[in-house]
Amino acid sequence: MKILIKNIKQLVQVEENPQLKIVGKDMKNLPCINDAWLAIEDDKIAGFGKMEDWEGISDWTDLKIIDASDKIVMPSYCDSHTHIVYAGSRESEFVDRINGLTYEEIFERGGGILNSAKKMNEATEDELIESALKRLYEITLQGTGAVEIKSGYGLSFESELKMLRVIKKLKGLTPLTIKATFLGAHAVPEEYKKNKRKYIDLIINEMMPIIAEEKLADYCDVFCEQNYFTKEETIEILTAGKKYGMVPKVHAEQLSNSGGVLAGVEVGAISVDHLEFVGNKEIEALKNSDTMPTILPGAAFFLSLPSPPARKMIDAGLPIAVASDFNPGSSPSGNMNFAISICCIQYQLTPEEAINAATINSAYAMDLSKTHGSIAIGKQANVFITKEIPSYAFIPYSFGSNLIETVIINGKLIK
Ligand code: NIG
Ligand code: FE
């Protein structure tokens with residue numbers, strides 16, 4: 001099957017020489033072609049250029065032509081941090097917070113992640129697959145083409161494995177590219193409260209071997225935070241994960257400055273995520289690393305946290321990725337359009353920086369930037385076409401609107 005998209009008002013983020021990530025002041029560049037065409041063959045991008053240079057097509061069989069006059073074409077978003085497999089919802093805690101409780105207080109009462117763990121324990125694999133597929137379809141229509149999904153609401157041997165097996169099955173049930181992350185160290189379960197050591201041993205000695213054997217996870221993640229896991233525990237767990245072939249990631253500096261970034265850099269994490277409480281020390285450490293600093297504006301917005309110093313990090317020469325953190329407790333939305341709006345409105349990122357963060361840099365944060373995250377020949381044909389809009393900056397500007405009209409994933413029309 002071939003698709004030709006012609007008369008594109010603006011083809012966004014084209015790359016002649018594909019980069020793995022876009023760093024520092026280069027994030028302000030977003031190469032575009034005005035009045036463009038884009039050709040897709042099977043599941044790959046086959047060519048692009050200016051309409052005036054278009055030489056026609058030699059083989060017209062099995063070709064679908066889409067006219068994108070007055071519309072923008074963009075590479076699909078890559079969402080490198082989600083907890084999209086979960087049971088039930090937590091809007092009652094949302095109301096508790098409106099009435100004055102903090103996120104930490106709710107956790108201390110056995111709510112928060114522990115509340116989701118109780119619900120996870122009772123859910124069947126089929127129920128989890130059904131609800132996750134609905135969310136995956138929702139984010140597909142919102143422009144996402146690749147997504148990372150974490151475990152971490154299981155918090156027991158059986159439940160963590162159940163989550164990871166569900167994630168593995170989802171890979172065959174959606175056209176989205178999926179990467180899996182083992183987040184057994186998301187919280188200390190109630191029954192191990194007085195013996196955290198025992199839970200860490202369970203993670204390392206019982207869960208990791210079977211996860212490696214069944215090839216259930218690409219990444220290993222830890223919530224490094226007061227009342228969750230310390231910097232030292234984070235390093236220990238991630239180092240063990242590496243021995244089982246899992247690349248480290250960290251939930252870092254979300255609620256306080258607790259050492260997650262330094263732990264992540266030390267173990268060679270592919271990304272450190274959240275970063276609301278990052279300071280100069282962390283910025284310096286990140287400068288000498290290959291770790292992608294990743295911000296999760298949906299969670300900061302939903303929990304009314306301070307803004308991560310994204311502007312400062314880019315000005316210091318760092319790359320930034322943005323992801324949704326789609327989960328029931330701190331970001332019940334996977335809408336990457338909204339995430340880039342927050343980057344622009346609250347964090348002073350330009351639309352170019354926010355789009356680079358949500359595409360190529362977020363692809364880097366899940367080791368997909370060779371195949372995803374920009375318009376380049378040979379990359380996966382994951383693109384979306386907007387409604388009629390004046391420019392790409394109109395997307396973050398129109399926060400809350402859905403401006404996406406057509407979605408193509410792996411060269412197939414989804415919508
Ligand atoms: O990324 N911070 C830790 N984990 C999730 C929230 C989990 C929850 O509240 O269910 C996050 O924000
Ligand atoms: Fe998270």
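**Note on ligand 1 and the empty spaces of the model**

1. Around ligand 1 there are 15 residues, and Tyr 103, Tyr 153, His 186, Gln 254 and Ser 330 come nearest; a residue counts as near if one of its heavy atoms lies within 4 Å of the molecule. This is a predicted model, in which local features need pLDDT of at least 70 and side-chain atom pairs count only at pLDDT 80 or more, while totals for chains, interfaces and linings use all residues. Residues are numbered from 1 along each chain as its sequence is written, chains are lettered from A and ligands numbered from 1 in the order in which they are written, and side-chain values use heavy atoms, with hydrogens and water left out.

2. By class, the shell of ligand 1 has 4 nonpolar, 9 polar and 2 charged residues. Here Ala, Val, Leu, Ile, Met, Phe, Trp, Tyr, Cys and Pro count as nonpolar, Asp, Glu, Lys and Arg as charged, and the others, Gly among them, as polar.

3. Polar contacts are pairs of N or O atoms within 3.5 Å. A polar side-chain atom of Tyr 153 lies 2.6 Å from an oxygen atom of ligand 1. For Ser 330, the distance from a side-chain N or O atom to a ligand 1 oxygen is 2.6 Å, and for His 274 it is 2.9 Å. The protein buries 100% of the 330 Å² that ligand 1 exposes when taken alone, with areas from the Shrake-Rupley method and a 1.4 Å probe.

4. Ligand 1 takes the space of the largest cavity, by the rule that more than half of its atoms lie within 2 Å of the grid points. A cavity is a set of points, on a 1 Å grid over the protein atoms alone, where a 1.4 Å probe fits but cannot get out; lining residues have an atom within 4 Å of a point.

5. The largest cavity holds about 100 Å³ of space, a volume being the space filled by probe spheres set on the points. Its lining has 14 residues, with His 83, Tyr 103, His 186, Asn 327 and Ser 330 nearest the centre. That lining divides into 4 nonpolar, 8 polar and 2 charged residues. The model has 4 cavities of 30 Å³ or more.

6. The largest pocket (an open set with protein on both sides within 12 Å along at least five of seven lines) has a volume of about 220 Å³. Its lining includes Leu 114, Lys 118, Ser 156 and Glu 190.

Notes:
Polar contact = N/O pair within 3.5 Å; in protein donor to acceptor, adjacent residues only side chain to side chain.
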